[in-house]
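Me: I'd love to walk through this structure with you, one question at a time. Could you take a look at it first?

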Amino acid sequence: MSRLEKQLALLIEIDKLKAVLRRTRIKSDNARLENSAEHSWQVALMALLLEEHANEPVDIAKVVKMLLIHDVVEIDAGDTFVYDLEAVKSQEENEKKAAARLFGMLPKEQGDELLALWHEFEAAQSPEAQFGKALDRLMPMLLNVNTNGQSWREHGISLEQALTVNSKIEKGSTTLWDYTQTMLKDAADKGWLKPSSFDEKSAAL
């Protein structure tokens, strides 16, 4: 295959991402689940709009690249529900295999570059990766809030779970983490998130 043919082959392959459904519903049509391609586009745009809230100066083009490619592995590995702790255990190995296959379809130097970028995002050590991870966690919660806690209610998620799982947002943006905590506590007050174990004990006294 020529260089162009390899690039086009991956572009056609990632069309499959449009069929990978997530757990959140879209605000404009509460009957339809969001797909992973839509999520990737939305968080990439989110990075452009919210760059000023990153804890450290970031290369925003790099953040956008990370967010556009971070979920392509779901073509092979599927979407893993962030609150499903058992599924999360096997997620890393499955996604590494998927990344190697998919980016391996490209011309070598281009595939190696994107694979390295994907691994950097997953490691979440650079300012760009930490900010990107923060946005990746925030966007589903924004959709939940705008669909009356749909996914949280369907899966019985508690305030304590939501705060714990999403606490990594703080590494990328303290501003967004402060906003998240307020948003989640408000969602709990509305009954969209179950009370935490501490709140349950307090209520029983």
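Me: Which residues lie nearest the centre of the largest pocket?
Reply: Keep in mind that this is a predicted model. The lining of the largest pocket is made up of 40 residues. Those nearest its centre are Val 82, Gln 91, Lys 133, Asp 136 and Arg 137.

Me: Which element gives the most to the lining of the largest pocket?
Reply: Several elements take part, each with at least two residues: β1 (21–26), α5 (85–103), α6 (108–123), α7 (127–145), α8 (150–155), α9 (159–165) and α10 (169–172). With seven residues, the top contributor is α7.

Me: How do the residues lining the largest pocket divide into nonpolar, polar and charged?
Reply: The space they surround comes to about 1100 Å³. Sorted by type, the lining residues are twelve nonpolar, 14 polar and 14 charged.

Me: And how much space lies in the second largest pocket?
Reply: Its lining has 15 residues, and Leu 10, Leu 11, Ile 14, Ile 69 and Leu 114 are the closest to its centre. Two or more lining residues come from each of α1 (3–13), α2 (36–50), α3 (60–69), α5 and α6. The largest share is the three residues from α1. The space in this second largest pocket is about 290 Å³.

Me: How many charged residues are in the lining of the second largest pocket?
Reply: Nonpolar residues account for twelve of the lining, and polar ones for three. The number of charged residues is therefore, by the same division into classes, none.

Me: Which kind of aromatic pair do Phe 81 and Tyr 83 form?
Reply: A search of the whole structure turns up one aromatic pair. Both partners are buried, Phe 81 with a relative accessible area of 13% and Tyr 83 with 12%. Their ring centres are 5.4 Å apart, and the planes stand at 65°. Planes over 60 degrees apart put a pair in this class, so the Phe 81 and Tyr 83 pair is edge-to-face.

Me: What is the distance between the end C-alpha atoms of helix α11?
Reply: Helix α11 covers residues 174–189, which is 16 residues. At 1.5 Å a residue, the expected span is 22 Å. The model agrees, with the end C-alpha atoms lying apart by 23 Å.

Me: Within what arc do the buried residues of α11 fall?
Reply: The buried residues of α11 are Leu 176, Trp 177, Thr 180, Met 183, Leu 184 and Ala 187. Turned away from that buried side is a face carrying the exposed residues Thr 182 and Asp 189. Viewed down the helix axis, the buried residues line one face of α11, because they fall within an arc of 125°.

Conventions
Residues are numbered from 1 along each chain as its sequence is written. This is a predicted model: local features need pLDDT of at least 70, side-chain atom pairs count only at pLDDT 80 or more; totals for chains, interfaces and linings use all residues. Side-chain values use heavy atoms; hydrogens and water are left out. On a 1 Å grid over the protein atoms alone, a cavity is a set of points where a 1.4 Å probe fits but cannot get out, and a pocket is an open set with protein on both sides within 12 Å along at least five of seven lines; lining residues have an atom within 4 Å of a point. Grid points are joined across faces, edges and corners, and a volume is the space filled by probe spheres set on the points. Helices (H or I, at least four residues) and strands (E, at least two) are DSSP runs, numbered from the N terminus. Rings of Phe, Tyr and Trp (its six-membered ring) pair if their centres lie within 6.5 Å; planes under 30 degrees apart count as stacked, over 60 as edge-to-face and the rest as tilted. Buried means under 20% relative accessible area, exposed over 50%, partly exposed in between (1.4 Å probe, protein chains only). The expected span of a helix is 1.5 Å times one less than its number of residues. The arc is that of the directions from the helix axis to the C-beta atoms.
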